[in-house]
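Colleague: Could you take me through the ligand site and the backbone details of this model, one question at a time?

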Amino acid sequence: MSPYPQTLEWIGDAEKGCLRLIDQTQLPDVLTHLDCSDVAAVWDAIKRLRVRGAPAIGVAAAYGCVLGARSGNLKESIEYLSTSRPTAVNLFWALERMKNLESEDPHRLLTEARAIHVEDAAMCKAIGENALPLISAGSIVMTHCNAGALATGGMGTATAPIYLAHERGISFRVYANETRPLLQGARLTAWELSSAGIDVTLICDGMAAHVMLDQKISLVITGADRIAANGDVANKIGTYGLAVLARHHGIPFYVAAPSTTFDLSLPSGEKIPIEQRDPDEISRGFGRQTAPKNVRIYNPAFDVTPHELITGIITERGIIQPVNEQSVRWSQNT
Ligand code: MRU
């Protein structure tokens, strides 16, 4: 049995089948699945973070196109799905690939969506293999948000070397940052790593500096939602702060992402659209009011880490290091 969860699955054939997702909003309390049988359900699942993480959003949208074609409005469905979330470029990449098929045949589209899914799993594995030498006996890895199996079609990006190192019997530890305000680190990363028997310790985001110093963190690995041509990386809010802290403490800071997360049309991170989310996620995140009702709230879901702070970007093709426009373009064009 696989040590990591399978986030997405197409059930049945192109005509009557549906997209089955792990409903990530219900974790870690219950492992429950959601069946999406129309485009609106896929859009809603992406918007509400029932499925989330850049590669998984792309795969879900690709399957969503099958549902759109089935109801006879593929073009509108692609437009609609593209409005679900703005930051992860994998969404737009996957929709473009489905559009470029120039087919409205649900069977043909399902074959393509499955190919995107399988390729994503293979890229995760290759990222894991490329990053494996970074983890050795006694290593202490820090990660942020969830760039795990739940966020991809395979074994995750930041978590791929973690799963592989565990499989090879290497003894190491992981610190997972809880990731305010929606707690993807606590609800998802701590859940999937501990379920796989990996030694994971959960900390609050504000503890990262102390833990880097106190526990002698060996390296930080995070995922990415969009990487600009110069290597600037948009990822979950808090990533930039971690990179600054890692630099201060002399700790290598790595980003793990497949080629589908690069957006070479943007010269730098400045133009990456940053999703702004509902203030309620901060003031009453899980149902209880935790801030005054009328206080002004700012809730950017992502930040941009400047490439100068990144030691290397681990892709399925190798590790981009040093991170700059030349090395990024070279890695993506060869
Ligand atoms: O808002 P989320 O939970 O979709 O944010 C996810 C992240 O920031 C991940 O780190 C990123 O998408 C990479 S997932 C392999």
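**Ligand site and backbone**

An oxygen atom of the ligand lies 2.8 Å from an N or O atom in the side chain of Arg85.

Colleague: Which residue offers a side-chain N or O atom at 2.7 Å from an oxygen atom of the ligand?

Modeller: This is a predicted model, and distances should be read in that light. Polar contacts are counted here within 3.5 Å, and a backbone N or O atom of Gly53 meets that cut-off at 3.1 Å from a ligand oxygen. The side-chain N or O atom found at 2.7 Å from an oxygen atom of the ligand belongs to Asn235.

Colleague: How much of the ligand's exposed area does the protein bury?

Modeller: The space that the ligand takes is the largest cavity of the model. Taken alone, the ligand exposes 420 Å², and the share of that area buried by the protein is 100%.

Colleague: Which domains each give at least three residues to the shell around the ligand?

Modeller: The ligand has 17 residues around it, and those that come nearest are Ala54, Arg85, Asp225, Asn235 and Lys236. By class, the shell is made up of seven nonpolar, six polar and four charged residues. Among the elements that supply at least two shell residues each are α2 (54-70) and β9 (233-236). The domains that each contribute at least three residues are domain 1 (8-124) and domain 2 (128-332).

Colleague: In which loop does the proline of the cis peptide bond from Arg180 lie?

Modeller: Most peptide bonds are trans. The bond from Arg180 to Pro181 is cis, with omega near 0 degrees, and a cis bond with omega of about 0 degrees also joins Gln321 and Pro322. Pro322 sits in the loop between β14 (318-320) and α11 (325-333), whereas Pro181 belongs to the loop between β5 (173-177) and α7 (184-195).

Colleague: What is the phi of Leu49?

Modeller: Most residues other than glycine have a negative phi. Leu49, placed in the loop between α1 (39-47) and α2, is a residue other than glycine with a positive phi, near 65 degrees.

Technical notes
Residues numbered from 1 in each chain as written. Predicted model: local features only at pLDDT ≥ 70, side-chain atom pairs only at ≥ 80, totals over all residues. Heavy atoms only, no water. Near = heavy atom within 4 Å. Polar contact = N/O pair within 3.5 Å; in protein donor to acceptor, adjacent residues only side chain to side chain. Areas by Shrake-Rupley, 256 points an atom, 1.4 Å probe, with all protein chains shown as cover. 1 Å grid on protein atoms, 1.4 Å probe; cavity = no way out; pocket = protein on both sides within 12 Å on 5 of 7 lines; lining within 4 Å. Sits in = over half its atoms within 2 Å of the grid points. Helix = DSSP H or I, 4+ residues; strand = E, 2+ residues; numbered from the N terminus. Nonpolar A, V, L, I, M, F, W, Y, C, P; charged D, E, K, R; others polar. Domains from an automatic or database assignment.
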